[in-house]
Amino acid sequence: MSNTDYDVIIIGGGPAGMTAGLYASRACLKSLMIEKMILGGQMMTTTLVENWPGYPGGIEGPELMMRFQEHCVEFGLETAYGTVEKITDHGNFKTLLVDGKEMTCKAVIITTGVIPRKLGINGEAALVGKGVSYCATCDGAFFRNQPIAVIGGGDTAAEEALFLTRFASKVYMVHRRDKLRATKILQDRIFANEKIEMVWNSVVEKFISDNSGLTGAVLCDMKTGTCRQVEINGMFVAIGVTPTTGFVKNLLHLDEDGFIRCGEDTITNVPGIYAAGDCRTTVLKQVSTAVGDGAVAAIMAEKLIDELNHAS
Ligand code: NAP
């Protein structure tokens, strides 16, 4: 099929998707980026980004994403809002089912990113919005002068704990091991912050709540077996991420955690389908790596489309 609706369709509008869109539209490919909710992805719920080059002193995540978006518009990238339910491979072209409507293209770039992992404890779903949260920038201000807990030991947990000290009276940082996974600079800030109490080797055993929402939690030390009850009004869960790849699980090779298997060339097991950013198997999940991936995927798609156009 030579006449497809688009040359390339990019699924997801985070840093990887917007970069892929920028490169593809600058290469004069007819390009569409489909976003489910809000352009900018996880960066829209991030505070200060300190490791994006060129911004000494940092830049707020949403502001950086607004600049990405403006840059895409400059090159004429089309954006649509919708949910891609299915991709069907027809060899030289692909069909996407978007909210029940079909669209065709020659290449697809998947940049659907990740969503926060849940604790999986009884009562968790019912307490979301009543004390349990997965986003400190979204919900932190609700806990002014109240004690809260952050669960996890990675970069996200560390950044959230530090951010939450602006509002909370006290922050318990509950980690299942005796060493944080977070980068050294964040660890140093955590240990220097008087509002943060580390609760090592511990997991959440259960939530305590009343009609108003979360009032406490039982935390258990896995080494000693002892448990303690803490009074908290908020709990921010930051225990890693799950990729948004369910819609391609019957088409693409995924790893055991659901990430799309591909290398740095972003090429998946289906020719013409590329995966970029956090949704693929990567050693590092950063804006900078997502941006690099988006650029690679767009260049790969451009090469393929060139070959298809010359063959037809
Ligand atoms: P992560 O690095 O995978 O860390 C998840 C943390 O949660 C780990 O400390 C892990 O413990 C703990 N954990 C996992 N499952 C758990 C469970 N069921 N119960 C209790 N604890 C559990 O995830 P992340 O912090 O969300 O970061 C994701 C990626 O984004 C990482 O590559 C990170 O570097 C990156 N990131 C970077 C920045 C930045 O550069 N500014 C900011 C945020 C995120 P263990 O340590 O024992 O495994």
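In this predicted model, N201 counts as buried, because its relative accessibility of 13% is under the 20% limit. N201 is found in the loop between β13 (196–199) and β14 (202–210), and although N201 is not a glycine, its phi is positive, at about 55 degrees. A positive phi also occurs at D99, again a residue other than glycine, where the angle is near 50 degrees. D99 lies in the loop that runs between β7 (94–98) and β8 (101–110), but at 46% relative accessibility D99 counts as partly exposed. A further residue with a description of its own is Q187, which is part of helix α6 (residues 184–192). Q187 is buried, with a relative accessible area of 17%, and its side chain reaches the backbone oxygen of L180 at 3.2 Å.

For the chain as a whole, 49% of the 312 residues count as buried, and the secondary structure comprises seven helices and 19 strands. Along its principal axes the C-alpha trace spans about 70 × 40 × 35 Å. The radius of gyration is 22 Å, which agrees with the value near 20 Å that a compact globule of 312 residues would have.

Where does the ligand lie with respect to domain 1 and domain 2? Domain 1 (6–115 + 241–311) and domain 2 (118–237) both give residues to the shell around the ligand, so the ligand lies between them. There are 17 residues around the ligand, and those that come nearest are D155, T156, E159, R177 and R181. By residue class, the shell divides into two nonpolar, eight polar and seven charged residues.

Three contacts from oxygen atoms of the ligand are set out below.

| Residue | Protein partner | Distance from a ligand oxygen |
|---|---|---|
| G153 | polar backbone atom | 3.0 Å |
| T156 | N or O atom in the side chain | 2.8 Å |
| K285 | polar backbone atom | 3.5 Å |

Taken alone, the ligand exposes 920 Å², and the protein buries 76% of that area. T156 thus appears in two descriptions of the site, as one of the residues that come nearest to the ligand and as the residue whose side chain has an N or O atom 2.8 Å from a ligand oxygen. For G153 and K285, by contrast, the partner of the ligand oxygen is a polar backbone atom, at 3.0 Å in G153 and at 3.5 Å in K285.

Terms used:
Residues are numbered from 1 along each chain as its sequence is written. This is a predicted model: local features need pLDDT of at least 70, side-chain atom pairs count only at pLDDT 80 or more; totals for chains, interfaces and linings use all residues. Side-chain values use heavy atoms; hydrogens and water are left out. A residue is near a molecule or strand if one of its heavy atoms lies within 4 Å of it. A polar contact is a pair of N or O atoms within 3.5 Å; within protein, one must be able to donate a hydrogen and the other to accept it, and residues adjacent in sequence count only if both atoms are side-chain atoms. Accessible areas come from the Shrake-Rupley method with a 1.4 Å probe; for residues, only the protein chains shown count as cover. Ala, Val, Leu, Ile, Met, Phe, Trp, Tyr, Cys and Pro count as nonpolar, Asp, Glu, Lys and Arg as charged, and the others, Gly among them, as polar. Domain bounds come from an automatic or database domain assignment. Helices (H or I, at least four residues) and strands (E, at least two) are DSSP runs, numbered from the N terminus. The radius of gyration is taken over C-alpha atoms; the globule rule is 2.2 Å times the number of residues to the power 0.38. Buried means under 20% relative accessible area, exposed over 50%, partly exposed in between (1.4 Å probe, protein chains only).
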